[in-house]
Amino acid sequence: MAESIPSDATPAHDDHHHEEPSFASKYIFSTDHKMIAMQYMFTGMAMALIGGFMAYVFRMQLAFPGIDVPGYGLVTPANYNSLVTNHGTIMIFWVAMPVLIAAFGNFLIPLMCGCDDMVFPRINRLSYQIFLLSAIVLLGSFFVQGGGFGGAWTAYPPLSAKAEYSLTPLGSSIWLIAVALEFVAFLLGGINFVTTAMNARAPGMKLYDIPMVVWMIVIASILFMVSVGPLIAGAIMLLFDQVLGTAFYDPDRGGDPILWQHLFWFFGHPEVYVVLLPAVGITAEIITVFSRKKLFAYKTVLHTAIGTGVLSFTVWAHHQFIAGIDPRMAHVFTLTTLLISIPIAEMMFVYIATLYGGSIRLTTPMLWALAFIGEFLIGGVTGIFLGASGSDIYLHDTYFVLAHFHYTFYPIAIIGTMAGVTFWFPKMFGRHMNENLGKIHFWGSIIPFNFIFIPLFVLGLGGQHRRVFDYTNFPDLSLPWMQEFRVIATVALLVMLGFQILFLYNFFQSIFKGRKAERNPWNSNTLEWTTESPPPHGNWPELPTVYRGPYEYSVPGRDKDYWPQNEPV
Amino acid sequence: MTIRGTEPLGPAGEGRRPGTIPNGLFGMLVFVMTEIMLFAGLISAFVIGRAAAPAWPPPGQPRLPVEATAVNTLVLLASGAALILAHRHFHQGERARMRRPMQFALGLGAFFVLFQGYEWVRLIAQGLTLTSSALGSYFYLVVGMHAIHALCALVLLGYANLRLQRGFLTDSLFGAVETLWLFVVGVWPVLYWVVYL
Ligand code: HEM
Ligand SMILES: [Cu+2]
C-alpha cells in the first residue's frame, strides 16, 4: 500500500522524524495524539483545581457567613454568584469533558485501535488550541468590569440576557463566547474520534472487537454533536439578545424565555451521558483486568449505551416541571425519565456480574472503579425522585437536587478520571504511581466526599434552596440545626481538598521518580499494552493486527490467564 | 493525477481498511449531523416564536421577496445538480470532464449568495432589521446562519476547484466539499418553505 504514495502526499506525522524536534514543536505545537492528550489532561487538571478552589470559597461562605475566606477574602453576593456559576461551568465543560473525552479519547483511541495517530492530526491540534483559548477567555471574564457571569451555569434568561438583571454586562457575553469556543473545540475533536475509530482500526479489528472505552467515547462524541446543535442556535440568540438588542427571550417584547430552557436542556440532559459514558467505559476496562474475567455481555452493554443515548434526547423537560409546562407533558417526561433509569441500572448489573466469581485484585485503579459503581448508584437512585414530577415539585432547586447531581458528576468527573489516570499512568509516563499513597488518597477522597453531600441531601429535604448566598438573611427559611450540617459539609470538603495535595505529590513525583513500568504491567489484552511505555512517536514500529476481542481473560486451556488481541492463534 | 483507490495514504493509514468511506467524507458527514441539528434548532425556535406572536407577519413590516427568492432557490438547486454531475465524472475517473460542472456549481452558488445579499440590502432599506420585529430577528438569524454556511462552503468549493486544476483533488477532499455544499443546497428549500411561505 505504502508504495503508492504520490509525490504530493503530505503524511503529517512524518514531519519531524528526521531532525530532533524543538521544544515548541514537541510540547506545544505537536500533532501527536499522545501529546495532545497530555495537553488536555493537564489543562483539565489545572481547571479542576480552579473549580475546586471556587467550591472551597463558597462553601466557606455558606458555613461561616461573612468571614474573610483565607486565600480569597470577603465574598460579596456578586462574587458568590459568579463563583457558583463558573464552578459549575468549569467542572462540566473544562474538567469533565476535556479529561474524560478529550484526554482519554486522544490517548486511547489510536492506541487501542492500533493506528499511529488520529486521522486528522492538524484538526486535532487545532481542537486543543481552541480549547485552551476558551479556557483563557473564561478565566479572563473575572477581570472585566462587573466581573464574571453570575446567572448560573444554566444561564436562564431574562437574568442572563439583560445587563440590568445580571449586573455583568461583559461577563455574561464573555462566558457565552467561551462556552461556544469550547463547543467548537469538542466538535473538531469529536469528528476525529469517530472517524478514527471507524476508519483507521487495525486490520482484523471488527466492530465487536473494539474495547468498550473506545465505543463509549465514540458514542459520547456523537451524542454531544447531535445535542449541541440546538444549543448553539439558542446561544447565538442569547448573544444577540445581550449585544444586539433583539428580543428572542424577552417576555416584555414578545419573546419566550422558556424557549431557552428547552434548547438548553435538550443539550443539557444528553450532556450528562456525554460525560457518563466514557467513565462507564473506563470502568469496564479496569474491572475486567482486575477480576480476570470477560466483560459480562459485551454486546448488551454496547447496545444499551446506544439505546440510552437515544432515550436521553427524550427526557429534557424533567428539568422544567415547575416552569409552567403542561402537567400532561410532565407525565410524559416522568415516564421517559423513569425508563432511562432502566438501561443504566442494567449496565451496573452487568458490571456486578462481571465481578462475580472473578479473582479480584484491589489495586488503586480497581478501588476507584468499584467506588464509581457504588457512588454513582446513589446518584442514580436519588434521581428517580427528581424524575417523578410529583416529588420534584417539592424538591426542585433544593440542595437535594444539588446533592443528587454531585453524586453523579463527582463519580464521573473525579472518580472515573482517577480510575483512568491511575490505570493508564504506567502507559502514559512509563512509570508506576505509588500504590500506598494512591490508596490513602483514594480513601481520603471517597470518605469526605460522602460527608460533604449526605448532609446536603438532608438539608435539601429540609427545604434548603440552591444558589443562596447567606441563609442568615432568611431566618424563616432555615432552621438552626441546618447550620451545623453546612459546617460538616464544609469541613469535609477541606479534608478532601487536603488529600488532593497527596495526589498531586504522588502524580508528579511518580512521573519523574516512579518505579519503571514494563509494557504490560497489568497483564491486559488491549493493544495499547503491546507497545513500549510510554509509546514512541508513531506508536509501533510496525502496526499491529488483531485476532480477537479485548476481554479474553482466564480462557480455559491456556497457560496464561490473558490473551492479547494481537497474538496470533 | 490520482485515480480513485490510489490516492495518498492519509496520516493514520487512510485506506488501511478496504471498503471504508474516505476520511474526509466521513468526517464531514459527522459534522453535517451537527449542522442538521443546528438548523433543526433554529427552525423549531422560529416556529415557536411565530406561534407565540399575536399576528404573523407582524404589522408594518415589508413583505419578504417570495418570488425572487423562489427563482434564487432554483439557482441554488442548479448549483447542487452541477456538483452531482461532477461527482459522476469524478467517480468514473474522468477528471477533465468534471471541470466545467465544478465551475458551474461554484458560479451558481456565488450568484445565490450575492443575490441574497442584494435582497437583504433592499429589505433593510424597507425597514426590516434585526430589531424591527420578531420577523426581522428570526429572518436575519435563520437566513444569515445559512448565508454564513454558504460562504464557508463556497470557499471550500473554490479550493476544490483549484486542486482539480492542479491535478490532485483527492477522494477525501472532494467527498468532504461535496457533502458540505449539498447540505447547504439541501437545507435551503426547507428554510425557504418555513421562513418565506
Ligand atoms: C469538589 C467537590 C465539590 C463541591 C464541594 C461542590 C459544591 C457545590 C455547591 C455547594 C454548589 C452549589 C452552590 C449554590 O447553589 O449556592 C455547587 C454547584 C454546582 N456544581 Fe459543584 N461541587 C464539587 C464538585 C463538582 C463537580 C466535580 C462538578 C461537575 C463535574 C460540579 C458541578 C456543579 C454544578 C453544575 C453546579 C451548579 C452551578 C449552578 O448552580 O449554576 N461540582 N457545587
Ligand atoms: Cu436531565
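## Chain B at a glance

Read from start to end, chain B goes α-α-α-α-α. That is five helices and zero strands. Keep in mind that this is a predicted model. The C-alpha trace of chain B spans about 60 × 30 × 20 Å along its principal axes.

Buried residues account for 54% of the 197 residues in chain B. If you take the contacts in chain B with a separation of 6 or more, 80% of them link residues 24 or more positions apart.

## Thr179 in chain B

For a closer look at this chain, take Thr179(B), which sits in helix α5, residues 171–196. Is Thr179(B) buried or exposed? Its relative accessibility is 14%, and buried means under 20%, so Thr179(B) counts as buried.

The side chain of Thr179(B) gets to 2.5 Å from the backbone oxygen of Gly175(B). Leaving out residues up to four places away in sequence, Thr179(B) touches Leu25(B), Met28(B), Leu29(B) and Val32(B).

## Around ligand 1

Over in chain A, what surrounds ligand 1? There are 23 residues around this ligand, and Tyr80(A), His87(A), Trp153(A), His406(A) and Arg467(A) come nearest. Sorted by class, the shell holds 17 nonpolar, three polar and three charged residues. Four helices of chain A each put at least two residues into this shell: α2 (33–63), α3 (77–113), α13 (399–429) and α15 (480–513).

A few polar pairs are worth checking in your viewer. One oxygen atom of ligand 1 is 2.8 Å from a polar backbone atom of Trp153(A). With His406(A), the pair runs from a nitrogen atom of the ligand to a side-chain N or O atom, again at 2.8 Å. Arg466(A) has a polar side-chain atom 3.1 Å from an oxygen atom of ligand 1.

## The copper site

Which residues coordinate the copper ion (ligand 2)? The donors are His269(A) through ND1, His318(A) through NE2 and His319(A) through NE2, at 1.7 to 2.0 Å. In sequence, these donor residues follow the spacing H-x48-H-H.

Now for the accessibility of two of these histidines. His318(A) has a relative accessible area of 10%, and the cut-off for buried is under 20%, so His318(A) is buried. His319(A), at 22%, counts as partly exposed because that value falls between the 20% and 50% limits.

## The nonpolar core

The largest nonpolar core has 245 residues, and Trp94(A), Phe104(A), Met212(A) and Phe507(A) touch the most other members. Helix α3(A) gives the largest share of this core, 22 residues. As background, nonpolar side chains in soluble globular proteins tend to be buried together.

Met212(A) makes a handy example. Apart from neighbours within four places in sequence, Met212(A) is in contact with Gly281(A), Ala284(A), Glu285(A), Leu295(A), Tyr298(A), Val301(A), Leu302(A) and Tyr551(A).

## A loop glycine

Where in chain A is Gly146(A)? You will find Gly146(A) in the loop between α4 (121–140) and α5 (163–166). With 48% relative accessibility, Gly146(A) counts as partly exposed, because exposed would take over 50%.

Not counting residues up to four places away in sequence, Gly146(A) touches Leu167(A) and Thr168(A). Glu182(A) is 36 residues from Gly146(A) along the chain, and their C-alpha atoms are separated by 23 Å.

How values were computed: Residues are numbered from 1 along each chain as its sequence is written. Chains are lettered from A and ligands numbered from 1 in the order in which they are written. This is a predicted model: local features need pLDDT of at least 70, side-chain atom pairs count only at pLDDT 80 or more; totals for chains, interfaces and linings use all residues. Side-chain values use heavy atoms; hydrogens and water are left out. A residue is near a molecule or strand if one of its heavy atoms lies within 4 Å of it. A polar contact is a pair of N or O atoms within 3.5 Å; within protein, one must be able to donate a hydrogen and the other to accept it, and residues adjacent in sequence count only if both atoms are side-chain atoms. Ala, Val, Leu, Ile, Met, Phe, Trp, Tyr, Cys and Pro count as nonpolar, Asp, Glu, Lys and Arg as charged, and the others, Gly among them, as polar. Donors are N, O and S atoms within 2.8 Å of the metal (3.2 Å for Na, K and Ca); water is not among the atoms, so sites may look incomplete. Buried means under 20% relative accessible area, exposed over 50%, partly exposed in between (1.4 Å probe, protein chains only). A nonpolar core is a set of buried Ala, Val, Leu, Ile, Met, Phe, Trp, Tyr and Cys residues joined through side-chain atoms within 4.5 Å. Contact means heavy atoms within 4.5 Å.
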